[in-house]
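User: Please take a close look at the aromatic pairing in this model. Then follow on to the charged contacts and the nonpolar surface.

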Amino acid sequence: MTHTARRIGRTLALVLPVVLVLSGTLAVTAVPWAGQATQSQMLTASSEHVSVRAKSRAPQDVLRDRLLTELQTKDPGVALTHLQREVEARPSLAEHCMSIARALGRAAVDRYGPTRAQRFSRPVCDTSFATGVSQQVQGS
């Protein structure tokens, strides 16, 4: 009796993973990826439609996006402090400091309004944050 149970268990242990993998693969290939419910599409491997590797983003763009997110979740003062620290740590970002600070100023006006946004102004990157605040208020 135990010999038969072991044999059945071994067979299931070998066959069951194969069945699960194959059924999962078949289920995924039948999904209409293009979003057209009327037309059935099969997922196929082809060298003709190889996706192009995404271009790496410039460090200043990554920093700008990170600081804008930080401005939304915390406050502009924290974002300006981190901008100053990043520029000090990586001098190559200094040439982009003013544009990043202006973007932070514009975003601060959108988030906090002109009066409250101006309170966060600091002398980071030649007061570009204040310039961004005033530009956003003037609508340019």
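Analyst: In this predicted model, the search for paired rings returns 1 aromatic pair. The partners are tyrosine 112 and phenylalanine 120, with ring centres 5.5 Å apart. Their planes meet at 50 degrees, so the pair is tilted. The reasoning is short: planes under 30 degrees apart would count as stacked, and over 60 as edge-to-face. The centre distance also passes, because 5.5 Å is within the 6.5 Å cut-off. Both tyrosine 112 and phenylalanine 120 are buried.

Tyrosine 112 has a further contact. Arginine 111 lies over the face of the tyrosine 112 ring. The distance to the ring centre is 5.6 Å.

Now the charge pairs. The whole structure holds 3 salt bridges.

Take aspartate 65 and arginine 57. Their closest N and O atoms are 2.0 Å apart. Aspartate 65 has a relative accessible area of 34%, so aspartate 65 is partly exposed. Arginine 57 is partly exposed too, at 48% relative accessibility.

Next, aspartate 61 and arginine 64. This salt bridge has its closest N and O atoms 3.0 Å apart. Both residues lie in helix H2, which covers residues 59-73. They are 3 residues apart, about one turn of the helix. Aspartate 61 counts as partly exposed, because its relative accessibility is 30%.

Then there is glutamate 86 with arginine 66. Their side chains meet in a salt bridge at 3.3 Å, N to O. This pair links distant parts of the chain, 20 residues apart. Glutamate 86 is in helix H3 (residues 76-89), and arginine 66 is in helix H2. Glutamate 86 is partly exposed at 22% relative accessibility. For arginine 66 the value is 40%, so arginine 66 is partly exposed as well.

Last, the nonpolar surface. Leu14, Val15 and Val19 make a nonpolar patch of about 280 Å². Valine 15 belongs to helix H1, residues 2-29. Its relative accessibility is 43%, so valine 15 counts as partly exposed. That value also fits the patch rule, because members need over 30% relative accessible area.

To draw the parts together: the tilted ring pair is formed by tyrosine 112 and phenylalanine 120, and both of these residues are buried. Aspartate 65 and arginine 57, by contrast, are partly exposed. Helix H2 holds both aspartate 61 and arginine 64, and through arginine 66 helix H2 is also linked to glutamate 86 in helix H3.

Methods. Residues are numbered from 1 along each chain as its sequence is written. This is a predicted model: local features need pLDDT of at least 70, side-chain atom pairs count only at pLDDT 80 or more; totals for chains, interfaces and linings use all residues. Side-chain values use heavy atoms; hydrogens and water are left out. Rings of Phe, Tyr and Trp (its six-membered ring) pair if their centres lie within 6.5 Å; planes under 30 degrees apart count as stacked, over 60 as edge-to-face and the rest as tilted. Buried means under 20% relative accessible area, exposed over 50%, partly exposed in between (1.4 Å probe, protein chains only). A charge sits over a ring if NZ of Lys or CZ of Arg is within 6 Å of the ring centre and within 35 degrees of the ring normal. Patches are made of residues with over 30% relative accessible area and no salt bridge: like charges are joined within 9 Å, nonpolar side chains (Val, Leu, Ile, Met, Phe, Trp, Tyr) within 5 Å. Accessible areas come from the Shrake-Rupley method with a 1.4 Å probe; for residues, only the protein chains shown count as cover. A salt bridge is a side-chain nitrogen of Lys or Arg within 4 Å of a carboxyl oxygen of Asp or Glu. Helices (H or I, at least four residues) and strands (E, at least two) are DSSP runs, numbered from the N terminus.
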